[in-house]
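Hi,

Here is the structure I promised to pass on. Have a look at it first, and then read my notes below.

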Amino acid sequence: MILDLFFPNRCLNCNRIIDGNLIVCTICFEQIHFTHNNYFDGNFIKQKCKLLFPVENAFALMHFSQENLSRKIIHELKYKSREKIGKTLSEWTTEQLDFNNNKPDLLVSVPLHPRKLKERGYNQLHLFTENLSGFYNIPFDHDFIKRNHYSKAQALKDKQHRIETTNPFSITKNISGKHILLIDDVFTTGNTLASIAWEILKAGDNKVSVLVMAIDE
């Protein structure tokens, strides 16, 4: 209570004092560009994924552009030590995403390299994934995918370098006949998700779907 008094929680967009469980005020919330995707339809992200790998279904929570609030939210989550934003984003996701009795078998988030994890102190996708796991009653596995090489953040790479990046991932467990939901923060070129998806698809008779916090259009 003393911390709340001297360091009140503020909207990360307009700086208004807000409830401690919120990240933006109700006014700024209206500025967030949600996609309102249907997980099963041929939505924009699903069409993009299909150009890269066989995908069952796909969902993006928000649109992500140069100056919008979604970018600011995810930047705070990834680079400003505001890991709890992942919980809020998971709650927004559950309000919009319905698996319609066709749930995936396993939730798998894109891993950080151990060096990057040590530098940041947390994986920005873990709390998000764990909360989705609890809500939908789907198991998660943070160790299923291994990142083999340390590299700069995608946001710091130019587009051509991202396109040319070779597969830096491997799977750590034998798995077959499963439907895996891959989770990432922002879909840009889609190469990261494609690299992981092909490893899963090559491993056995598996299916892959995709869930991202935002899609960069």
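Arg115 and Glu119 join their side chains in a salt bridge, with 3.4 Å from N to O. Keep in mind that this is a predicted model, so please read everything here in that light. Both residues sit in helix H6, which covers residues 114–120. They are 4 residues apart, about one turn of the helix. Are they buried or exposed, or something in between? Arg115 has a relative accessible area of 48%, so it is partly exposed. Glu119 is at 48% relative accessibility, so it counts as partly exposed.

If you're wondering why such pairs turn up, side chains of opposite charge can pair when their charged atoms come close.

How many salt bridges does the structure hold? There are 6, and I'll walk you through two others.

One of them links Glu91 with Lys87, and here the closest N and O atoms are 2.5 Å apart. Both partners lie in helix H5, again 4 residues apart, or about one turn of the helix. Glu91 has a relative accessible area of 35%, which means that it is partly exposed. For Lys87 the value is 37%, so Lys87 is partly exposed too.

Another one pairs Arg82 with Glu76, where the closest N and O atoms are 3.7 Å apart. The cut-off for a salt bridge is within 4 Å, so this pair counts. What about their exposure? Arg82 is partly exposed, with a relative accessible area of 23%. Glu76 comes out at 18% relative accessibility, and buried means under 20%, so Glu76 counts as buried.

Now for the helices. Two packed helices are described by the angle between their axes and the distance between the axes. Which values do we get for H4 and H5? Helix H4 (residues 69–79) packs against helix H5 (residues 85–96) at an angle of about 135°, and their axes are 9 Å apart. That angle makes H4 oblique to H5; it would have to be over 145 degrees to count as roughly antiparallel.

Which residues make the contact? From H4 they are Ile73, Glu76 and Leu77. H5 brings in Ile85, Gly86, Leu89 and Trp92. Sorted by class, the contact has 5 nonpolar residues, 1 polar and 1 charged. You've met Glu76 already: besides being part of this contact, Glu76 is the salt-bridge partner of Arg82.

That's it from me. Have fun exploring!

Cheers

Terms used: Residues are numbered from 1 along each chain as its sequence is written. This is a predicted model: local features need pLDDT of at least 70, side-chain atom pairs count only at pLDDT 80 or more; totals for chains, interfaces and linings use all residues. Side-chain values use heavy atoms; hydrogens and water are left out. Axes are lines fitted to C-alpha atoms, for helices over the stretch in contact, and angles run from 0 to 180 degrees between N-to-C directions. Helices (H or I, at least four residues) and strands (E, at least two) are DSSP runs, numbered from the N terminus. Angles under 35 degrees count as roughly parallel, over 145 as roughly antiparallel, 65 to 115 as roughly perpendicular and the rest as oblique. Contact means heavy atoms within 4.5 Å. Ala, Val, Leu, Ile, Met, Phe, Trp, Tyr, Cys and Pro count as nonpolar, Asp, Glu, Lys and Arg as charged, and the others, Gly among them, as polar. Buried means under 20% relative accessible area, exposed over 50%, partly exposed in between (1.4 Å probe, protein chains only).
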